[in-house]
Amino acid sequence: MTDAVTDNYLHTPDNDIIESMNDEVEVVCPVCSPKIAVPHDVLKGGQNPVVQCQECENVHPTKIEKVKTFNVKVIINKGEESFTQITLLTSEEDVSVDDEIIVDDGESDEVFPVLITAIESGEKRLQKANASEITTIWGRAIDEVVVKIAVHRGRNTEAMHKRVPGGYEFIIGQEETVDKTKIRIKKIKIRDGSLESKTGTAVAAKFIKRVFAEEVQRKSWGDGKTQWSMKGKGRSW
């Protein structure tokens, strides 16, 4: 999947960019996150938008491509049966065999975590394809999903992943452990394009596009005031 995100923008016929009501967009930051899109505030819109990174406060110009959407047929195998769903993919998305995707059928409100087993483009079978090329995706229903997590460490952002049940909830403001690293969740990007940032908001893993978090720095031994370290303090003898 590509990381550039343009969910919060509308495009006029002459391709001018109009900011959404919340004036926020996810793009890469050349200073702290050159590979992973992170939340930015829009300072200037139009043909040459200027944004400010919410992580490191760097101000920089950016480019936001016009995004097209496609209704893609997905044939899902679950146990002894197979059934067909329609899911929405965008022109910024590439998928590959063995990728895990969320099939969200807007008509039925059903959500299925799916492992891709084959991709059809016309009469051809492909190992990897852009959403614009895909005729049909074949997949196997799975009970778990892999959640992408962007972890902010100082002035850098690292990509991490966590495999959890589809119904597992990530809660903004709470801590999680990922590959032995303690993180605190700051924001959650939902698959419908919205960005949640209110402390206490819980989102099921199967609805998450990306989690934004910061590493939790633990105090080393001696940093805190313990009973032993304070022994004798304030005494003259």
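Q: What makes a pair of side chains a salt bridge in this predicted model, and how many salt bridges does the count come to?
A: A salt bridge is a side-chain nitrogen of Lys or Arg within 4 Å of a carboxyl oxygen of Asp or Glu. By this rule, the predicted model has eleven salt bridges.

Q: What makes Glu 24 and Lys 187 a salt bridge, and which parts of the chain does the pair link?
A: The closest N and O atoms of Glu 24 and Lys 187 are 3.3 Å apart, and because the cut-off is 4 Å, the pair is called a salt bridge. The pair links distant parts of the chain, with Glu 24 in strand E3 and Lys 187 in strand E19, 163 residues apart.

Q: Why are Glu 24 and Lys 187 called what they are, buried or exposed?
A: Glu 24 has a relative accessible area of 12% and Lys 187 has one of 16%; because buried means under 20%, Glu 24 is buried, and Lys 187 is buried.

Q: How do you know that Glu 144 and Arg 163 form a salt bridge?
A: Their closest N and O atoms are 4.0 Å apart, a value to be set against the cut-off of 4 Å, and the pair is listed as a salt bridge. Glu 144 lies in strand E15 and Arg 163 in strand E16, so the pair ties together parts that are 19 residues apart in sequence. Glu 144 and Arg 163 are also linked with Glu 100 in a network of salt bridges.

Q: Why is Arg 184 called partly exposed?
A: Arg 184 has a relative accessible area of 29%, and because partly exposed covers what lies between under 20% and over 50%, Arg 184 counts as partly exposed. The side chain of Arg 184 meets that of Glu 214 in a salt bridge, at 3.6 Å from N to O.

Q: Why is Lys 180 called buried or exposed?
A: The relative accessible area of Lys 180 is 83%, and because exposed means over 50%, Lys 180 is called exposed. Lys 180 is found in the loop between strand E18 and strand E19, and its phi is near 70°, a positive value in a residue other than glycine.

Q: What makes the approach of Thr 201 to Lys 198 close enough for a polar contact?
A: The backbone oxygen of Lys 198 lies 2.9 Å from a polar atom of the side chain of Thr 201, and the distance cut-off for a polar contact is 3.5 Å. Thr 201 is buried, because its relative accessible area is 19% and buried means under 20%.

Technical notes. Residues are numbered from 1 along each chain as its sequence is written. This is a predicted model: local features need pLDDT of at least 70, side-chain atom pairs count only at pLDDT 80 or more; totals for chains, interfaces and linings use all residues. Side-chain values use heavy atoms; hydrogens and water are left out. Buried means under 20% relative accessible area, exposed over 50%, partly exposed in between (1.4 Å probe, protein chains only). A polar contact is a pair of N or O atoms within 3.5 Å; within protein, one must be able to donate a hydrogen and the other to accept it, and residues adjacent in sequence count only if both atoms are side-chain atoms. Helices (H or I, at least four residues) and strands (E, at least two) are DSSP runs, numbered from the N terminus.
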